[in-house]
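Let's take a walk through this protein, one piece at a time. Keep the 3D view open as you read.

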Amino acid sequence: MSDIRSVHTHCPYCALQCGTRLTVERSGVAVSPSDFPTNRGGLCQKGWTAPALLETPERLRHPLVRGTDGELTPVSWGVALQTVATGLQRIAGESGPEATAVFGGGGLTNEKAYLLGKFARVALGTSQIDYNGRFCMSAAASAGTAAFGLDRGLPFPVTDLARAGTILLAGANPAETMPPLMQHLTRAELIVIDPRRTATAEAAALHLQPAPGTDLALALGLLHIAVTEGRYQADYVHERTTGFDTAWTRAVSWWPERAEHVTGVPVAAQRQAVRMLAESERSYVLTGRGAEQHSTGADTVGGFINLALALGLPGIEGSGYGCLTGQGNGQGGREHGQKADQLPGYRLITDPATREHVADVWGVLPGTLPGPGRSASELLAALGTEGGPRALLVFGSNPVLSAPDSAAIAERLADLDLLVVADFVPSETARMADVVLPVTQWAEEEGTLTNLEGRLLRRRRLLTPPKHARSDLHVLQGLATRLGQPAGRFPTSPREVFDELRRASAGGAADYSGISYERLDAGEALHWPCPAPTVPDTAESDTAGMVAHPGTPRLFLDGFAHPDGRARFQEVEHRGPAETTDTRFPLWATTGRLPAQYQTGAQTRRVPDLTEAAPEAFVQVHPDTAQRCGLDEGLFARISSARSSAVARVYLDSSLRTDTVFLPFHFPDGARANLLTQPARDPRSGMPEFKVSAVRLEAVPEV
Ligand code: SF4
């Protein structure tokens, strides 16, 4: 352990990024919540127990290479990195650079995400890079960009929500996924849209319980009511938006009775929801994964943004639209080059000016940068196929559990010539790898993350990492130099990487050029965009007429980010899920999270208190449905879709719809919820359809 005894840092898990103080005590590392604005002294069970992750006996401590006997065997770093580099060179030599691919993660720091994107495009020369955030927030990102010209999960500070009168939560369950957020929602009357009666729905003034896959129909119905009942803000729509008339051509036929017929939400409840939003002085519309993880995800979010625009909410202080981003660095992770179609600064890779600027920062010619690659699930599905990548490097992700139709993805991974995984625990994907690279974890490293409100945060190091663990930045440099790159092009100092990221992002939507470790360490609350100091000095400073940009906690107050300053209504129409229920698969399965687990559970399943709180996979079933299927509480059920089957214990829940079952997605092996999910993708964002799969239930003997 280092001689640093205490640091202020942030929880390693979700995008709320609760502030914590970590202290080295005689008994180990202790955590306490800090009075950071997002958590104000609160932490959920995952945050309180996070230090246990630092002591997990399953920690990867040596690089591993799979030998001719099929076993992963400890080797030196030199051997491991050379094995990877030799394999990549051989495959690129035989099939071209596009045969090599990279898969990143929304938990990686900004520095890692940035260097990973640069490594793929410069050291490998491949366009084949994407990341697991595609499974998390991509639909909201696409819809937000289309509507506002810019996507930032919450375009206002979390603390603004504390003054709200009404908040519509479409497919979001913060009471269980990010409990400290709820303290900001106590003043508001909540409207929750969710097929399940979640803890958030329990706390709501109004719970709308649509059939899975009908969220967009409900959004269209709510817009219809807002307009036909005169709740529509004509002056706002006229002055600050375009496209209403076109959007209305779709919504006009969504009479509330039709919306009730499709969604199952009673007309009176629809009307009440619109009335609550329209009559409150401060209203917000927030979306979460429940609305977003559909093959119509971007259109569905677009439908809710249309509603918010019609009610005149976005771009007004004290109201608005936002997306509750899920992963710890889901926001920053999507801004700096991990996405298949983007370069740092949250800019399109196809934009000539962006290519020129970023190539200049990287010291390469713009023409050498590849174009856009495949989105995450397209990339995973192409692995090992004719013309698809033959080698994959995975950083901070566990696609064997997180990808849809995961049995097929496991087969694709098994077909690779080279699978390399950098992680600090033996995730299910790492167990399949040819080479495993043990890396540092949160309290052992420095860096920055960007939370769900676009605020930059410092991750600080408390502990010296285990002897043979290296930071991902060191791994990238080690590989890049073996692939012929100069070491200086791939720095290993997080501060140095961040300074380069600042230059690369300059002028982009997510402009970090005015943000520095020094400013963050001084306690400044900096939300992007924060350009380098070019703001005319109107205060006391005499520094050549310039002062540091204060950052942008609230976006769009003076206009939206489209060239004309106006927000765009989106022309969206309801389409059902990509598959339908039938006599073979008569039920809907929907998936989600538990309070005591996070993502694929690769980390949280290794924390004893969390394992005790959420020990096993289950399928939640309405008692009537269970009876029809010959099931009862505690028995095991086989849940089958057209893809595969999972087996899980039955938990009865009479608040569920009788046509719907629920499975948490944190658990491995035969209980993987994503064995059931379908590969259908949203054409606008690449988001898979995680929330709706047609399934059947059968009793199975005790397993
Ligand atoms: Fe906060 Fe999220 Fe960590 Fe829970 S998991 S303590 S809500 S950052």
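Before we look at any pairing, one ground rule: two strands count as paired if DSSP finds at least two bridges between them. Bear in mind, too, that this is a predicted model.

With that rule in hand, start at strand S6, residues 100-104. S6 and strand S16 (residues 391-395) pair in the parallel sense, with four bridges between them. If you want a spot to zoom in on, Thr-100 stands opposite Ala-391 in S16. S6 also pairs with strand S7 (residues 129-131), again in the parallel sense, this time over three bridges. There, Gly-104 has Tyr-131 of S7 as its bridge partner.

Is S6 covered or open to the outside? Mostly covered: five of its five residues are buried. In a regular strand, side chains alternate between the two faces of the sheet. For S6, Thr-100, Val-102 and Gly-104 sit on one side, Ala-101 and Phe-103 on the other, and all are buried, so both faces are covered. Helix H4 (residues 110-124) lies across S6, S7 and S16, and its direction makes an angle of about 175 degrees with S6.

Now zoom out to the whole sheet. Seven strands make up an open sheet, in the order S5-S4-S18-S17-S16-S6-S7, and the pairing is mixed. Its edge strands are S5 (72-74) and S7, each of which pairs on one side only. From one strand to the next, the twist averages 20 degrees. Over at the S5 end, strand S4 (residues 64-66) and S5 pair in the antiparallel sense over three bridges. Leu-64 has Pro-74 in S5 as its bridge partner.

There's another open sheet to visit, with five strands in the order S10-S9-S8-S12-S13 and parallel pairing. Strand S10 (206-208) and strand S13 (320-323) stand at its edges with a single partner strand each, so one side of each is left without a neighbour in the sheet. Neighbouring strands here are turned by 15 degrees against each other on average, direction ignored. Inside this sheet, strand S8 (residues 166-170) and strand S9 (residues 189-193) pair in the parallel sense over five bridges. One pair to click on is Ile-167 with its bridge partner in S9, Leu-190.

How is the protein chain divided into domains? There's domain 1 (6-54), domain 2 (64-135 + 349-505), domain 3 (138-324) and domain 4 (587-700). Take domain 2 and domain 4: their C-alpha centres are 30 Å apart. The contact between them takes 18 residues from domain 2 and 19 residues from domain 4. On the domain 2 side, the elements giving two or more residues are helix H17 (376-382), helix H18 (399-402) and helix H19 (406-414). H17 gives the largest share of that side, four residues. By class, the domain 2 side has eight nonpolar, six polar and four charged residues.

Last stop, the ligand. Which residues come nearest to it? Of the 14 residues around the ligand, they are Cys-11, Cys-14, Cys-18, Cys-44 and Gly-47. Sorted by class, the shell has 10 nonpolar, three polar and one charged residues. Domain 1 (6-54) and domain 3 (138-324) each supply at least three residues to the shell around the ligand.

Terms used: Residues numbered from 1 in each chain as written. Predicted model: local features only at pLDDT ≥ 70, side-chain atom pairs only at ≥ 80, totals over all residues. Axes fitted to C-alpha atoms, helices over the stretch in contact; angles between N-to-C directions. Domains from an automatic or database assignment. Contact = placed C-beta atoms within 7 Å. Nonpolar A, V, L, I, M, F, W, Y, C, P; charged D, E, K, R; others polar. Near = placed C-beta within 6 Å. Buried ≥ 20, exposed ≤ 12 C-beta atoms within 10 Å, placed from the backbone.
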